[in-house]
Amino acid sequence: MSTLEGFTIPKTQTAAVVKELGAPLEIEKSHPVKQAADLKPGECLVHISHTGVCHTDLHAKEGDWPVPSVHPLIGGHEGVGTIVAIGENTPNSPVKLGDRVGIKWMADSCLNCEFCRRGFEMNCPEVKLSGYTVDGTFSEYVVSYTNHVTPIPANLESAAAASILCAGVTTYKALKVSNTKVGDWVALPGAGGGLGHLAVQYAKAMGLKVIAIDTGAAKEKLVKSLGADVWIDFKTSKDIVADIQAASDGLGPHAALVTAASQTGYTQAISYLRKGGTLVCVGMPDAEMGANVFWTVFKSIRIQGSYVGTRQDAIESLDIAAAGKVKVIYEQKGLDALKSVYEDLEAGKIAGRVILEVSKQ
Ligand code: 8ID
Ligand code: ZN
C-alpha cells in the first residue's frame, strides 16, 4: 500500500447516505473511511473535491429502475478529486498518488471479457457502477479503481470537469453513434437539463444544427446562449411534430438524441424523424418506448440505445471541454444541499447542472 506523502487519511468523513429503499437522504458526519491498508489491489482512495448531481442519482434513490442498487446507498458518479492512496500489489497503475482524477458511472470493469474487448466496457458482467452498486461520490473519500479513473486535463478546473464524467461523456458518445455528419439536423428533447445542455454544445462542436426541445424561459435562455439553432417548448407547442419538421427542411431531423427522462420524448421522435434517421435513446424512464413498428420500418428508422461511454470516450469528452468548446453551466452548492437539489431535479427546475463542493482542496 502507499499513501500520498504528508497526507493523513481521517477515520471518518461526511457522506450523503440512503440507508434503505424509501428512506430519506441523511448527511452522516461520521461515516467510516476505508484506510489505505484495507484497499485491495487495483483500488485507490480518492479525496473528492466536487461532484455533479445527475438525474440518475435521483432514479437510484427512488428505486425507479428494474436493476436494484445496493443499500446503504451513497450516490454520485460525476466526481473529481485527488488520489491519496493506492492498494498494495497494484502493478502498472495508469495513475499515481496525487493525480487529479474523475470518477464516472462505470467505476470498474474486467477489461478481459468479450464486451470489454469490443469496446462495450459498460456491458461487462463484472461492471461496478459508482453510486449504484458501489459507493459513489457524495462523500469526502471514495474507493475507486486505478484502471478506470479518468485523468483530468491540467487546464480544466475540478468543478468544471465534474459533469463531463457523466453528462458530458454520455452525450458525446450518443452523438458519435447518431449516424450524423456535419450540417445534419439533430433534435434534443431534454436540451435544458444536465445532459441536454452539454449535448447542445457537443452537437454544435461537431457541426450539427440543433433543435433544442424543453420547457420554460430559463432553459430557453440557456440553450440559445449555447448556440441552439431552434428552440421549441414542448409544453406550449400546439403540434410539436409539425414544429420540429418545419424547422428542419420540412423533412425532420436526421437524428433525435432523447435525454428527457420521460416516455413522450421517445414516442414523438418516431413521428418527426427524417426517413433514414436515428433515434438515440439516452434518458432512462422505466417505460415502453411506444415506437410504432409500421412507421419505424416504413421510414427506415434506426433505434440505438447509448449507455455512458468507455474510458476513451471519457478522455475525448474531457479534452473537448479542456479546449474550451464545451462548458458545463452550473450552480455550485454544498453536499448538505443534496436533498433540495433532488427536489428541484424532480420538479424540472434545474437549467444545466448543480455541482456540489464536497471538500476544499
Ligand atoms: O448512459 C445513459 N444513457 C445515461 C447517462 C446519464 C443519465 C442516461 N441518463 C439519464 C438519466 O437517468 C435521466 O433519465 O438521462 C436522463 C436525463 O438526465 P439529466 O440530464 O441529469 O436530467 P435533467 O437535468 O432532469 O434533464 C431532463 C430534462 O428533460 C426535460 C426536463 O424539462 C429536463 O430539462 N424533459 C422532460 I422530464 N420531458 C420532456 C419532453 N417530453 C423534456 N424535454 C422535452 N420533451
Ligand atoms: Zn449520470
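How many residues of domain 1 are in contact with domain 2, and how many residues of domain 2 take part? Here are some notes to help you find your way around this predicted model.

1. **The two domains.** Let's start with the layout. The domain assignment splits the protein chain into domain 1, made of 2-165 + 309-357, and domain 2, covering 168-305. Their C-alpha centres lie 28 Å apart. Back to the opening question: 24 residues of domain 1 are in contact with 18 residues of domain 2.

2. **The domain 1 side of the contact.** Two elements, α1 (55-62) and α10 (311-322), give two or more residues to the side of domain 1 that touches domain 2. The largest share comes from α10, with six residues. Sorted by class, this side has twelve nonpolar, six polar and six charged residues.

3. **A closer look at α1.** Try finding this helix in the viewer. Its buried residues are His 55, Thr 56, Asp 57, Ala 60 and Lys 61. What covers these buried residues includes β2 (12-18), β3 (25-32), α5 and α11 (338-346). After α1 comes Gly 63, which has a positive phi near 65°.

4. **Around ligand 1.** Now look for the ligand. There are 33 residues around ligand 1, and those that come nearest are His 55, Gly 190, Gly 193, Ala 260 and Ala 261. You have already met His 55 as one of the buried residues of α1. At least two residues of the shell come from each of α1, α5 (194-205), β12 (209-214) and α8 (264-272). Both domains take part, since domain 1 and domain 2 each supply at least three residues of this shell. By class, the shell around ligand 1 holds 14 nonpolar, 17 polar and two charged residues.

5. **The largest nonpolar core.** This core has 104 residues, and Leu 188, Ala 199, Val 200 and Leu 257 have the most contacts inside it. The element that gives the most to the core is α5, with six residues. Where does the core lie relative to the two domains? Domain 1 and domain 2 both give residues to it, so the core lies between them. For a single example, pick Leu 257: leaving out residues up to four places away in sequence, Leu 257 touches Thr 171, Ala 174, Leu 175, Ser 178, Val 186, Leu 188, Ala 199, Val 280 and Val 282.

6. **What the record says.** An unreviewed UniProt entry places the feature "domain: Enoyl reductase (ER)" at residues 22-356. Over that stretch, the chain is 27% helix and 23% strand, and the end C-alpha atoms are 23 Å apart.

Technical notes. Residues numbered from 1 in each chain as written. Chains lettered and ligands numbered in written order. Predicted model: local features only at pLDDT ≥ 70, side-chain atom pairs only at ≥ 80, totals over all residues. Domains from an automatic or database assignment. Contact = placed C-beta atoms within 7 Å. Helix = DSSP H or I, 4+ residues; strand = E, 2+ residues; numbered from the N terminus. Nonpolar A, V, L, I, M, F, W, Y, C, P; charged D, E, K, R; others polar. Near = placed C-beta within 6 Å. UniProt positions renumbered as here; feature names shortened; annotations may be inferred. Buried ≥ 20, exposed ≤ 12 C-beta atoms within 10 Å, placed from the backbone. Core = buried A, V, L, I, M, F, W, Y, C linked by C-beta atoms within 7 Å.
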